[in-house]
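Got your viewer open? Take a seat and click along; each stop tells you what to select next and what is there.

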Amino acid sequence: MDSNTLLEITREFDAPLYVYDANKIESQFNRLNNAFSGVGKLRLNYAAKALSNIAVLRLMNKLGAGLDTVSIQEVKLGLMAGFQPESIIFTPNGVSLEEIEEAAALGVQINIDNLSILEQFGNKFPNIPVCIRINPHVMAGGNSNISVGHIDSKFGISIHQIPHLLRIVELTNMNINGIHMHTGSDILDIDVFLYASEILFETAKNFKNLEFIDFGSGFKVPYKAGDIETNIEELGKKLTTRFNQFCEEYGKELTLAFEPGKFLVSEAGYFLAKVNVVKQTTSTVFASVDSGFNHLIRPMLYGSNHEISNISNPKGRERYYSVVGYICETDTFGSNRRINEISEGDILCFKNAGAYCFTMASNYNSRYRPAEVLWYNGKAHLIRKRETFDDILHNQVDVQELFDKSTPKAIVK
Ligand SMILES: Cc1ncc(COP(=O)(O)O)c(C=O)c1O
C-alpha cells in the first residue's frame, strides 16, 4: 500500500492503528497455490493465530483456504467466519481432553500431538478419525522461541515413539487419517523442509488409511527490500515431485496440506503510530511513539526487525533515530534507524505488521488495544474498534466495600 493512502486512513481512524491490505493477502495465497499447482489435491489451512480478526478469517474463507486452529476459541471464530467444520484442523498443544472433545463435537479435524491424549481419545472415540503431529527432530526456525521440531521441543510425538504410537492405534482401533509436522517459523532453507518431509513420508508408510499429509509452515518472508525469503517456487517444484512420487508408492492420491500464517498476512499488515516526543540525549535521538510492546511485542520478544518509515515526511533529510514506546520498561522498536527527519506529531509506519502483531497485543500499562482496518476493494473498512476505558474495566469486579473507610477495622490489642 502506498504511504499517502496509509496516512489518509490514519487521519480517518487515528493512531495507533493496524491496517491490512486484502490484495496482498490474496496475492500471497495465489502465489502459494501456484507454486503447488502440480499437486492434485492441495489444501492451504490459514494459521488463525497469526491474525484472527473475523474479517480476515472471512477473507481467507472466500479465497478458498481452510483454517488451522490451536484453541477452541479459534475453532469457534472459524465457524462464525463461515468455514465448514471439515475445513478446520485443530492442532492444539498441551490442552485438556475436554477441549479436544469439544472441538471433535463441532466436527473439525482433530490433530493430536501426545501419546497420553491420543490413547484417551482413541479409547473414547475410536470412530473419529485423527491426525497425528510428529516431531521429526530437526532444528529449524529463525529464533529459539519459534523452533518447535527439535528433540527438546514440547511439540509433536517423537519419531522414536512410533512403535508405541502404533500399539495405541492397534489397541484402540482408531483411524489415523493424517500426519502432520510443523518444525518452526522463519525457515529459510528449503532443504530443511525437504529433509523433514522425508521423515514424514517414512512415518506415513506405517498408516494405511491416510487422506492427507500436512507439512506445517514456517516460510520466511522478507522484512525489507532485498531481504532473503523462502524460495516458495523452488520448494513447490521439488516437494510436488517428491509428494506425487510418494502418493504413487502409497497407492492413493493424498491431499498435501500446509498451514501458513506469516506467509499470508505478514507483509499485508502496517502498524501506524504517532510520535509523541523527540528526545535528544548525549548519544541518541529517541522518537517515542504513542504505542509500545503492548501493541507490537515482536521486536522485544523475538528481536524481529520491522522496517520503520516516517510517512509524514517522506522527503525529509535522513537522520538516525531509536524508535521507542511509552511502556515503563525498555520497549525499543528499532535502534539507530535511518529515518526521514521526525517531528512530534508525525506518523511512523511499521511494516510486516500483519502476523503475530495484533494477536499478541495486550492491555499492559492499562492501555487500549488499537483499532484494525481492512483495505479491501480500494476502501478502508473498520474491522475492530479502538478500545475504551470500559474495555479496561470490563470483567473487573470492583470490591470497593472491602476497602471502604467506614468499614470497622480489626481491634488490635
Ligand atoms: C502448528 C503451527 N502451524 C502453523 C504455524 C504458522 O507458522 P508461520 O506463521 O510461520 O507460517 C504455526 C506457528 O506457530 C504453528 O505452531
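How many helices and strands are there in the protein chain? Colour by secondary structure and you should find 12 helices and 18 strands. Keep in mind that you're looking at a predicted model.

**Stop 1: the whole chain**

Zoom out first. Along its principal axes, the C-alpha trace spans about 70 × 65 × 40 Å. The radius of gyration is 24 Å, which agrees with the value near 22 Å that a compact globule of 413 residues would have. Of those 413 residues, 41% are buried. Contacts also reach far along the sequence: among those with a separation of 6 or more, 68% join residues 24 or more positions apart.

**Stop 2: two domains**

Now select 36-265 and give it one colour, then 269-393 and give it another: these are domain 1 and domain 2. Their C-alpha centres sit 33 Å apart. Where they meet, 15 residues of domain 1 are in contact with 16 residues of domain 2. The domain 1 side of that meeting place has seven nonpolar, five polar and three charged residues.

**Stop 3: the nonpolar core**

Next, show side chains for Tyr18, Val19, Ile132, Phe271, Leu272, Leu348 and Phe350. These belong to the largest nonpolar core, which has 101 residues, and they touch the most other members. Then pick out helix α9, residues 232-250: with six residues, this helix gives the most to the core. Where is the core relative to the domains? Domain 1 and domain 2 both contribute residues, so the core lies between them.

Stay a moment on Leu348. Leaving aside neighbours within four places in sequence, Leu348 is in contact with Ala273, Val275, Val289, Ile308, Ser309, Asn310 and Val323.

**Stop 4: the annotated binding site**

Finally, select Arg298, Tyr302, Glu329 and Tyr356, which an unreviewed UniProt entry annotates as "binding site". Two of these are worth a click.

Start with Glu329, in the loop between β14 (318-324) and β15 (332-340). Is Glu329 buried or exposed? Glu329 is exposed, because just 10 other C-beta atoms lie within 10 Å, and 12 or fewer counts as exposed.

Then jump to Tyr356, in the loop between β16 (347-350) and β17 (371-376). Tyr356 has 25 C-beta neighbours inside 10 Å; the cut-off is 20 or more, so Tyr356 counts as buried. Which residues does Tyr356 touch, not counting those up to four places away in sequence? Label Ala50 and Arg298: Tyr356 touches both, and Arg298 is itself part of the "binding site" annotation from UniProt.

Methods. Residues numbered from 1 in each chain as written. Predicted model: local features only at pLDDT ≥ 70, side-chain atom pairs only at ≥ 80, totals over all residues. Domains from an automatic or database assignment. Contact = placed C-beta atoms within 7 Å. Nonpolar A, V, L, I, M, F, W, Y, C, P; charged D, E, K, R; others polar. Helix = DSSP H or I, 4+ residues; strand = E, 2+ residues; numbered from the N terminus. Rg over C-alpha atoms; globule rule 2.2 N^0.38 Å. UniProt positions renumbered as here; feature names shortened; annotations may be inferred. Core = buried A, V, L, I, M, F, W, Y, C linked by C-beta atoms within 7 Å.
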